[in-house]
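Thanks, everyone. I will walk through one model this morning, and I will keep to what can be read from the coordinates and the record.

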Amino acid sequence: MASRNLPMREALRHALLEEMHRDESVFVMGEEVAYWQGTHRVTRGFLEEFGEKRVLDTPISEMAIGGVAVGAAMAGLRPVAEFMTINFAFLALDALVNHAAKIHYMFNGMFKVPLVFRAATGWGDQATATHSHMPEPIFAHFPGMYVGTPSNSADAYGMLKASIRDDNPVLFTESIGLYSKPGPMPDEDEDFILPIGKGNIVREGTDVSIFTYARGVEWATKAARELEQDGVSVEVVDLRWLRPLDTELIFESFKKTNRAVIVEESLPMYSFGSELAAQIQENCFDYMDAPIKRVSAHDVPLPYSKYLEAMALPDSDKVVAAVKEII
Amino acid sequence: MAQDVTLTMDGMLLNWLKDVGDSVKKGEVIAEFEADKATVEVEAPADGTILSLKLEVGEEVDEGTVIAQLGDAGEAPAGGEAKAPAAEEAAEEEAPEEDDEAEEEAPASNGAAATTPDGRIKASPLAKRVAAEKGINLAQVAGSGPGGRIVKADVENYKPAPKPAAAPKQPSGGTTIGQSYGKLPEGDDVEIIDVSRMRRLIADGTVTSFQTTPHFYLTIELDVEPLLGLRKEINAMLEDEGVKVSVNDMVVKAAALTQRAFPNLNTHYYGDKLVRHKRVNIAIAVALPNNGLVNVVSPDADTTPLSEMAKYHKQMFTDARDGNIKQEYIKGGTFLVSNLGPYDVESFSSIIDPPESGALAVASARKVPVVKEDGTLGVGTRMKATLSIDHRVSDGAEGAQWLQYFRNLIENPMRLLV
C-alpha cells in the first residue's frame, strides 16, 4: 500500500482534492481557506483549481460557518467547513450539537446533514490555555454526530474520504502536532475508504492493551517498544473514532490482555478515558486482572511555560509508568 | 456498614482492651493475643464503635477468624451477637454479600495471600473467576501483582504447596506426633502443669525436625583471642555512643558473611523444590525467662554494620524476653545461630529449624592448654562451634568448607569490619 510518504496535511489535502473532483456537491469553506490557502495549508491551490464558488473564504464567524454548513447540507450540498482551531468551534456549538447532530432525528429522517467540520486540535507549542485543548470528547457526548481523529497520514486520507461520503455529520479533528509528520500513504485511490467507527490494532501484544487515538498512538507505541525491553508485551489500539466507538475491538483486545491503560491527550474529568474505563468494567469485569489506568493531560488550564506545559501533557514516559503500575 | 476484625495469626485471646460500645480510632489496640512465639496486639482496622466481641479470654482460634465487629454507634452487629468460635462458621456468617465462593473460604485458611486490613483477599476479578473455575482457594495463593494482588497468572501457576514433612505444623491435638505416654500420673507427689502454647510448638517443631531432617554435625575449635581483643577495642571506641558489640553479634556477622559465600546453605528444603534465599537473615535463638525459646531474626545480617546490628539485637532480645516482640521480627530467618557462650558450655549441637537447612551452635570461649607454634605448651582462648546440616541439601565437604571460611573470619576478625 505504502507508495507515497507524505505529511498528514498533504494526506488530508489529497483526500479533499479527490473528493471534490469526484463529487461536485462537495465544497470547502472557512477562515483563510481560499486566498491564504488554508492556515494549515490543507487547501493549498484549491482556489485556483475550483474557483470562488467551491472554495469560500469566511469572516471570523464560527457560529455563521456552522449555521451555513448545516443549511447547505440540508439543501443537498456536501460542505466541508473548517474551524481554524477546535477551541473556537465552541462558538458554533449550537449549530453543531443542537442542529447538525439532531436534525435527521428531529425531522423524522426528512433531512440528511452530510457535512464535515474539520478542526485543528491538540496542544503544545505554548499556545496557552485558550488555544490548547483536545475537546473531542465533548462533541462525542452527543448522539447524531460522528467524531473521528486520525493518528497518521494513511488514516487521515482514508478517514476523511469516508467522512465526506457519509450522509451523517462528522466532526473531523486533526492534531496540530501531526500535520507535519510524514507517513506512508496509498497512491490516489478512490476506494481507499476506512470505514467510520472502525479502530485499528497498531501493534499486537499479550500483557496489556493501550487504548488511544491521535497523538496518543505515538506515545503508546514508543512506550510499547521500551516496555518490550522489560519483557512486557503491549498491544496498542488506535481507536480512530470517539463516536461510534469500536467497542468490539476494545473488548476483544481487553479479553486477550486482561489489562488496560487508556492514553488521551485530553483532560481527565468526564473524558474519553472515563467512558472507556466504564464500558470495559461493565462488559469485561470477569476478564480484569488489574485496575484500568488512565494517562491524561493534567486537570488544569494548560500553562504557558514550556516546562510546565510539558509536565501537564502525557508522554511516553508517563505511559510506561502507568503500565508498570498495573503489571 | 459493620466491618469485621480478623486475626492474622493463630492465637489465644489474652485480654480485651475495649468493650462493646467503645469507640476506637484506626490503629488503636483492641485485644492482645498469645501467638506462637509472642504476644500480639490486634489493632482496629478503621475508626468506629465496637459492635460485638466474639471471643472469650482463653479461647484459641485460627488465623482468619473474625474476633470483633466495628461499625457506627447504634448499628446492629451483622450476623448476630455472641461469639462465633469456629473459623469456618465465622467465615460463612460474616462473608460480605458481594464476595464470591472462593473468597468465602478465605478466612478459614492460613495461606500466603495478601489481605487488606479488613481481611479481604486482594485478587483481580479475573483471578477470582479462574480460581472459582479451578476450585482453588485464593487464600492459599500468593499474589505477585502490585501490592500483592493475586492475578490470573498466580492462579494458573498455583500448585498446592507440597506439604514437606520437614515443615513443622502444630497438630491440633497438642500431643507430640505419634507418641503415647500412657496414663497421666496422679497424686500428691506430682504437679500437673498445662503445656504452654509455646512449649507445645517447640516440642512439636523439634520432634518433627529431628525425626524428618537427617542432621549431621561438624565441630571445630576456634582461636578467639584476636576476636575478643578486637571487640574490646571496638567497644572502647564506641563507648561514647553507648553501643556495645557482643561476641554474639560478631558470631552472627561471621555466620552471615559465610552464608553469603555458601548460598547452598541459605537454601530451604521443600520436598521436590529448593528455595534459595537471596537475603541472609540470621535467626538467633533467644531463651525466654518463662521456659521458652524464640528465634529473633537479624535481617540482612551480611550487609548490616556491626554497630547497628549490636543496637538492633539488644533491642530485639529485650523485647523478646519481655514478651513484646512482634511476629514480623521472628519470621523470615534463613539460617539459625544458637549461642550458649554465656553459660560455660564446652560444646553442643543445635536442631535445625525447618525448612532452614543449617544451624550453628556456638559454645563458650574457654581458657585451655594449647600447643604453641614453637611446640611448647601455653594457655589460649578457644571456642567450639558446631554446624548442623540437613543432609538432603548439603554434604560433609561443603560443611567443612563452610566452617573453614567461618574460622577464617573469626580468627581474623578485622574481616568482619571491612
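Take residues 122-159 of chain B to begin with: the C-alpha atoms at the two ends of this span lie 19 Å apart. The span is 39% helix and 0% strand. The record has a label for this stretch: an unreviewed UniProt entry annotates residues 122-159 of chain B as "domain: Peripheral subunit-binding (PSBD)". Please keep in mind throughout that this is a predicted model.

Next, the strands in the early part of chain B. There is an open sheet of four strands, in the order β5-β4-β2-β7 of chain B, and the pairing is antiparallel. The edges are taken by β5 (39-43) and β7 (60-61) of chain B; each has a single partner strand, so one side of each has no neighbour in the sheet. Strand β4 of chain B, residues 29-34, pairs with β5(B) through five bridges in the antiparallel sense. If you want a register mark there, use A31(B), which is opposite V42(B) in β5(B).

Strand β6 of chain B covers residues 48-53, and how many of its six residues are buried? Six of the six are buried, so β6(B) is largely enclosed by the rest of the structure. The cut-off behind that word is a relative accessible area under 20%. β6(B) has an antiparallel pairing with strand β3 of chain B, residues 23-24, over two bridges. There, S23(B) has T49(B) as its bridge partner in β6(B). β6(B) also runs antiparallel to strand β8 of chain B, residues 66-71, and four bridges join them. In that pair L53(B) is matched with A68(B) in β8(B).

Now further along chain B. Strand β14(B), residues 335-339, and strand β15(B), residues 358-371, are parallel and share four bridges. S338(B) is bridged to A361(B) in β15(B). β15(B) is then joined to strand β16(B), residues 377-390, by twelve bridges, and this pair is antiparallel. V370(B) sits opposite G378(B) in β16(B). Five residues lie between the strands in this hairpin, and G375(B) has a positive phi near 95 degrees.

The loop between β14 and β15 of chain B contains P355(B). The bond from P354(B) to P355(B) is a cis peptide, with omega about 5 degrees. Chain A has a cis peptide bond as well, from R243(A) to P244(A), with omega near -5 degrees. P244(A) is in the loop between β12 (241-243) and α10 (247-257) of chain A.

On to packing. Nonpolar side chains in soluble globular proteins tend to be buried together. Which residues touch the most other members of the largest nonpolar core? They are I282(B), L360(B), L387(B), W402(B) and F406(B), in a core of 53 residues. Helix α7 of chain B, residues 247-261, contributes the most to this core, with seven residues. Another core lies apart from it and has 47 residues, including V70(A), L171(A), A277(A) and C284(A).

W402(B) deserves a slide of its own. Leaving out residues up to four places away in sequence, W402(B) touches A255(B), T258(B), Q259(B), F262(B), L265(B), F335(B), L360(B) and L387(B).

Two backbone points in chain A. Q37(A) is not a glycine, yet its phi is positive, about 65 degrees. Q37(A) is in the loop between β2 (26-30) and α2 (46-50) of chain A. N258(A), also a residue other than glycine, has a positive phi near 70 degrees. N258(A) is in the loop between α10 and β13 (260-263) of chain A. Are these two residues buried or partly exposed? Q37(A) is partly exposed, with a relative accessible area of 29%, whereas N258(A) is buried at 3%.

Last, the interface. Twelve residues of chain A contact eleven residues of chain B. About 820 Å² is buried between chain A and chain B, and carbon and sulfur atoms give 52% of that area. How many salt bridges are there between chain A and chain B? The count is zero.

That is the end of my slides.

Technical notes:
Residues numbered from 1 in each chain as written. Chains lettered and ligands numbered in written order. Predicted model: local features only at pLDDT ≥ 70, side-chain atom pairs only at ≥ 80, totals over all residues. Heavy atoms only, no water. Pairing = 2+ DSSP bridges. Core = buried A, V, L, I, M, F, W, Y, C linked by side-chain atoms within 4.5 Å. Buried < 20%, exposed > 50% of the residue type's maximum accessible area, 1.4 Å probe, protein only. Contact = heavy atoms within 4.5 Å. UniProt positions renumbered as here; feature names shortened; annotations may be inferred. Buried area = accessible area lost by both parts, 1.4 Å probe. Salt bridge = Lys/Arg side-chain N within 4 Å of Asp/Glu carboxyl O.
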